[in-house]
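Got your viewer open and a selection box ready? Here's a short walk through the fold, one stop at a time.

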Amino acid sequence: KKLIELLNKSKYNDKYKNKNKKIVDIVYLIDSTASMGIEVKIASKLVINNSKKLLKNCNNYDYQFGIIFYNDPVICETDFNDYFQLTKDIKKLKEFCDKWTLQDGGDITEDWVGGYEIALSDIKWRNGDKIIVHITDAPAHGKKYSKGCGDDHEDESFELQLDNIMKRCAKENIKIIGIYKDESSNECFSECKKIYDKSKGVNFIIDYFLNQKL
């Protein structure tokens, strides 16, 4: 599967081991606004299927998986972001995915900052390889990131926040796999990668959503 190939390209670090197994934590960061539609269900299925496969063939790896669903509370008061903490219990992870429903999202851009803040502040990463798999069809707030595609908050403060988040991801050796659905989200990932690479991040891969065969 393409996603597993991308995960394999994320350069697991041999120095992080637990009883001779490499420690790998993977968090799926998924845009669950209305525009994603059926893709949220597809992405959730991808999360569960690939997590099961990785655990089944984990002789050399000690895996944990988490998920973050983010929307756009910046625009819509009824929107909220939520997450499921890192776990090996795929059944509970699936239950969390199955009960999740799409939210409005408001404008075209979404709350990337809020999603990544959960990843950086609430997720209990272990001392091992850390990977965020980010799946989206829309860019972040901030003119540099949205590039005028339909952003009701082009305020520079959003750009600075996301800049700082990419720097933090790089500093904390969090690898990022950005999976985009359209060109606006691809361009946003590219802008993020510039900051991440400039900050000497270890690995940032960008790939097209339709390449992710289930």
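Where does Ser32 sit? Select Ser32 and you'll land in the loop between strand S2 (21-31) and H2. Keep in mind as you go that this is a predicted model.

**Stop one: Ser32 and its surroundings**

Is Ser32 buried or exposed? Ser32 is buried, because its relative accessible area is 0%. Now light up what Ser32 touches beyond residues up to four places away in sequence: Val40, Phe69, Tyr70, Asn71, Trp100, Thr101, Leu102 and Gln103.

**Stop two: H2 against H3**

Next, select helix H2 (residues 38-56) together with helix H3 (residues 90-99). Their axes come within 10 Å and cross at roughly 175°, so H2 and H3 are roughly antiparallel to each other. To see who meets whom, show side chains for Lys41, Ser44, Val47, Ile48, Ser51, Lys52 and Leu55 on H2, then Ile90, Leu93, Lys94, Cys97 and Asp98 on H3. Sorted by class, the residues of this H2 with H3 contact come out as six nonpolar, two polar and four charged.

**Stop three: the cysteines**

While H3 is on screen, click Cys97: it is buried, with a relative accessible area of 4%. Then jump to Cys188, which is in no disulfide; the nearest cysteine sulfur belongs to Cys192 and is 4.6 Å away. A disulfide here would need the sulfur atoms within 2.5 Å, and by this rule the count comes to zero disulfides. Cys188 counts as buried, at 0% relative accessibility.

**Stop four: Phe204**

Which strand holds Phe204? Go to strand S7 (residues 204-208), where Phe204 lies. At 6% relative accessibility, Phe204 counts as buried. Leaving aside neighbours within four places in sequence, Phe204 is in contact with Met166, Ile176, Phe189, Cys192, Lys193, Tyr196 and Asp197. Try a distance label too: Phe204 and Ile174 are 30 residues apart in sequence, and 9.0 Å apart in space, C-alpha to C-alpha.

**Last stop: H4 against H6**

Finally, select helix H4 (residues 112-121) and helix H6 (residues 156-171), which pack at an angle of about 30° with their axes 10 Å apart. That makes H4 roughly parallel to H6, and their crossing is left-handed. On the H4 side, show Trp112, Val113, Tyr116, Glu117, Leu120 and Ser121; on the H6 side, show Phe158, Gln161, Leu162, Ile165, Met166, Arg168 and Cys169. By class, this contact of H4 with H6 has nine nonpolar, two polar and two charged residues.

Technical notes
Residues numbered from 1 in each chain as written. Predicted model: local features only at pLDDT ≥ 70, side-chain atom pairs only at ≥ 80, totals over all residues. Heavy atoms only, no water. Axes fitted to C-alpha atoms, helices over the stretch in contact; angles between N-to-C directions. Helix = DSSP H or I, 4+ residues; strand = E, 2+ residues; numbered from the N terminus. Parallel < 35°, antiparallel > 145°, perpendicular 65-115°, else oblique. Contact = heavy atoms within 4.5 Å. Nonpolar A, V, L, I, M, F, W, Y, C, P; charged D, E, K, R; others polar. Buried < 20%, exposed > 50% of the residue type's maximum accessible area, 1.4 Å probe, protein only. Left-handed = near helix turned anticlockwise from the far one by under 90°.
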